Amino acid sequence: MFEKPAAREITACPPPCESPAFDPTMIEEGWYKWWEENGFFHAEVNEQRKPYTIMIPLPNVTGALHLGHALNNSIQDFLIRHARMQGYEALWMPGTDHAGVATQAVVERRLWEDERVTRHDLGRRKMLERIWEWKEHYGGRILSQLRRIGASLDWERTQFTMSPEFTHAVQYAFSELFRDGLVYRGKRLINWSVGIQSALSNDELVYKNVKTHFWFFRYPVIGEQGRFIEIATTRPETMLGDTAVAVHPDPAGELHRRLEAAIAAGQEERVELLRKRIAEELPRLEGYAALVGKQVMLPLVERPIPIIADALLADPEKGTGALKVTPAHDPNDYACAQRNALPMINMMTPDGRLNEQAPAAMQGLTMAEGRAKVVEAMRALGYLAKIEDLEHEVAHCYRTDTVIEPYLLSQWFVKMQPLVEMARHTYEDGEVFFHPEHRGKDYMRWLDSTPDWCISRQVWWGHRIPIWYCRDCHPSIQIDQEGDPIGLSIPEEAQPIVPESRARDAKPATCPTCGGDHLVQDPDVLDTWFSSQLWPMGTLGWPEQTKDLEYFYPTSTLVTGRDILALWVARMIMMGMKFLGKTPYRDVVLHGTIQDEHGDIMSKSRGNGFDPVRAIEGGGDEIKGKVALRDVPAHRKEYYKPYGADSLRYGMLSMTAGQSQDIKMQILRSKRSEKEDGLDVFDVEIPRFEEGRRFGNKIWQAARGVVFRQCEGFTVDARIETIEDRWLYHRLHETSARIHGHIERFHLGQVCEEIYSFFWDDFCSWYLEIVKPRLWGALGDASKAQAQTHLVRVLDATLRLLHPVMPFLSEELWQALRKIRIKAGESDLPVALIRAPWPIAAEIPRDEEAAQLTQMLREIAGQVNQMRAQQPAVTDQMVLPSMVLFGGNASVRAKLTAASTGLSRFLRIEKIEECESYEPPVLSVRGIVGDIHLCCPLEGVIDLHAEIARLEKQLEQHIASIERIHKQLGNAKFVERAPAEVVAQTRERLVLEEQKRDGLHTQIAEMRALLK
């Protein structure tokens, strides 16, 4: 599908950044441009390497980068950079989705705002031209923003779901599914968005709590004067389409069965409710059951409708026990109508108004207006029994926020059950794995409950359904001035015609029934998710059997949010299994949703989020949120410092450590005293990104300020002889091994923790401090060369481990390190860190003895610092004359002492000695590590007179405290009235104070003895 480009000559690297501090603004743009122009992101079919493939969760062309994208793509970029460094031919496929409903809505809104023109004024073809123009101008915005976070996508392969190649894949898939009987057209109850006047699938609905009412209506029973059946409804307007009233056939039997079950289960509360229901409502319920076979007169439309028995719909435990059945406007009623062969009456127009089925006075009213009129009319007739308040979930359109109307309409559907079986087996047979593991259960739950999928949409932007109809056979089909069928004019019985050829853009020539050639194409387009489910295959050339498809498919890992597990993830698996017999990926990584510290979903539109690019580049932004955030107004201005992409990536990835689901991010906003344009102004700090910036600066300072400065012109000597060198490689081995395990489990937050701990705690805080005397030549040239060699090589390995997390910083420092190594005579170094081999733990020497010895040395350092803290006369900067190690294992003591050059400088002790036994002088500080004792003599170090005076002052304070406690305990009222635990605590404090007093007496006496 893609021709292999000619070999490229590597261009010159960006000039080195000489900033004394880490400044991301000076390095990021240059390195990204260099990587891209040299083709480091590009992948080709390469039989010498194994492939590793990631398909981007294709963003909408309407989209802009938000925090979810920043997290999602940071994870993907980590994995793809790691795979490249492991030697895989790593492909990260970029592209965008046409987003049919969303994109058309954006363009329609702009047309109206700018020109006061609707799509119907333009017509289908001109409207599509306008959308294509908009797409070419704005559609790549999010892809350019992804470059700012360092996303190393193979831009040479960028795809769009309405490209000619991908459109062919969509048409081919639809036609094959149709031929196999897995796609069909049928009249069924669907979810209708009045806002966009289109069908939607169940997975595109948003449920919101709505405050409304239960209206209780009475329907008169025909032939029984004065007798009524009472029903309750939340949608009074739909009663105009009622075709039956359903009751339970055996309410007494059903309620008593439930009562027995509740008693057996020990459900006391439910037992009481059932007993109350039986006592108060059973006579009425049985009376309703006795009416089965009779009719009621539906008020307002004066239509007789039957009273039917339906044990599935009518629940004798709820409501009045009788339900109105409106098959064309409720999914449960629709199922009831199918069971009982009831007629289905649609009483709504596509734009959400009452049609000719309603009384003349109500026709043309909106559903909301119709509701008010129905209630008013039922009250006037005396048929409104009562109204109760109610709050419940109502489905809304995910694009327009309008209430979804169940609507009876002929639409195109995918028969899901055969595909569900394929998808189920991939999980049960271990062909696909979910991370975290429990998401696999969510996947299976959706498979077990998904109905047939409505895939037709009544918009123009998208893949037009590749089906034609014959106007000679169906003259009722109306066409517009462009020759396209008008809206919903295609009759239910119209025979779909599929092209005979499977070639691209094929069309049927004649009608197979009558031979006529007056054919018109279905006006609807396919659901966006129908095309995006083909993303892993279509981007690699399917349905053609290309080399790319053979090599890169199945892909390796999918990284996405859990919210599209059903919409996209499961459907891709179905299509992969259906058409290629292979699941499209092995691992599915489902990350959580970004939330603020209060658990609310973060977004700029809500007012609690921010533009990630602003956090990268710095600068100001105007926030127009929906609601105020406690002390922060909804409409305000915010200013951000330039954290840079590396800091953002580190912050985002590190937040996933220990997070199994949603990810909470703290944002600190400091209000300025002045306003701008009448708006409050806030300076924003993002602690996670600040942590990333500080870590980046630590790496920058350690590399440039110590390693580069101390190792310029070094001589390579790779011998590993000292304890600290052996330990350093051992820690590098352990860190590399643990990082490998975390990546295998997709625990990337833990990777950040491992790198941070190794670099900051081990490399900087210990090794760099211990090794400085050697770098300065204190132990000779050979020791210096070895220290320099190990510093350079371990920093090299560390930067490789860091690269997937902080690619810009690591490449900048690694390139500078590469020059130092080349100058030292090292050869065969990779041209770029992005292509450098990944550190392999097995190739890094382990040394348990060095690890144990270094652990003891670090504990000794901790003990010395603690001893200094316990002796105020010994300041942190005071150099002590000596430290003696004694007792314990002689061999261990000798090895510890051998490392004393760096340790003594680190601890500010002139010399460290060891011996079998030692009698510590009175004036000294002491500690113990394992079974080895340590002692720092203080004679001649501190002023004994001043120290005695200080201790005597402390002694006076303790004596005074003892006197106060004695006085308190001598008070009978305190002892009698105070809580027992308070008295006990006071006595314990007295004992402690007396112990301190006695200890000080001893110390002072010992010091006075030294003065004699």
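In which sense do strands E24 and E25 pair, and over how many bridges? They pair in the antiparallel sense, over six bridges. Before I go on, please keep in mind that this is a predicted model.

I'll stay with that sheet for a moment. E25 covers residues 635–640, and E24 covers 619–624. To fix the register between them, look at Gly620, which stands opposite Tyr639 in E25. The sheet as a whole is open and has four strands, in the order E24-E25-E28-E27, with mixed pairing. The edges are taken by E24 and by E27, residues 668–676; each has a single partner strand, so one side of each is left without a neighbour in the sheet. On average, neighbouring strands here are turned by 30° against each other, ignoring direction.

Next, two helices. H22 runs over residues 748–775 and H25 over residues 848–870. Their axes come within 13 Å and cross at roughly 65°, and the crossing is left-handed. On the H22 side, the residues in contact are Asp761, Asp762 and Trp766. They meet Thr854, Leu857, Arg858 and Ala861 in H25. Sorted by class, that contact has three nonpolar, one polar and three charged residues.

Now the aromatic residues. The structure holds 39 aromatic pairs, and I'll show two of them. A pair of aromatic rings is described by the distance of the centres and the angle of the planes.

One of the pairs is Tyr184 with Phe413, which is stacked, at 5.6 Å centre to centre and 20° between the planes. Why does this pair tie together parts that are far along the chain, 229 residues apart in sequence? Because Tyr184 lies in strand E5, residues 183–193, while Phe413 lies in strand E14, residues 404–414. Is Phe413 buried or exposed? Its relative accessibility is 3%, and the cut-off for buried is under 20%, so Phe413 counts as buried.

The other pair takes us back to helix H22. Phe763 and Tyr767 are stacked as well, with 6.5 Å centre to centre and 20° between the planes. These two residues are four apart in H22, so about one helical turn separates them. Both Phe763 and Tyr767 are buried.

Which residues make up the aromatic cluster that includes this pair? Tyr650, Phe695, Tyr756, Phe759, Trp760, Phe763 and Tyr767 form one cluster.

That is what I have for today.

Conventions
Residues are numbered from 1 along each chain as its sequence is written. This is a predicted model: local features need pLDDT of at least 70, side-chain atom pairs count only at pLDDT 80 or more; totals for chains, interfaces and linings use all residues. Side-chain values use heavy atoms; hydrogens and water are left out. Two strands pair if DSSP finds at least two bridges between them. Axes are lines fitted to C-alpha atoms, for helices over the stretch in contact, and angles run from 0 to 180 degrees between N-to-C directions. A crossing is left-handed if the near helix is turned anticlockwise from the far one by less than a right angle, and right-handed if clockwise. Contact means heavy atoms within 4.5 Å. Ala, Val, Leu, Ile, Met, Phe, Trp, Tyr, Cys and Pro count as nonpolar, Asp, Glu, Lys and Arg as charged, and the others, Gly among them, as polar. Rings of Phe, Tyr and Trp (its six-membered ring) pair if their centres lie within 6.5 Å; planes under 30 degrees apart count as stacked, over 60 as edge-to-face and the rest as tilted. Buried means under 20% relative accessible area, exposed over 50%, partly exposed in between (1.4 Å probe, protein chains only).
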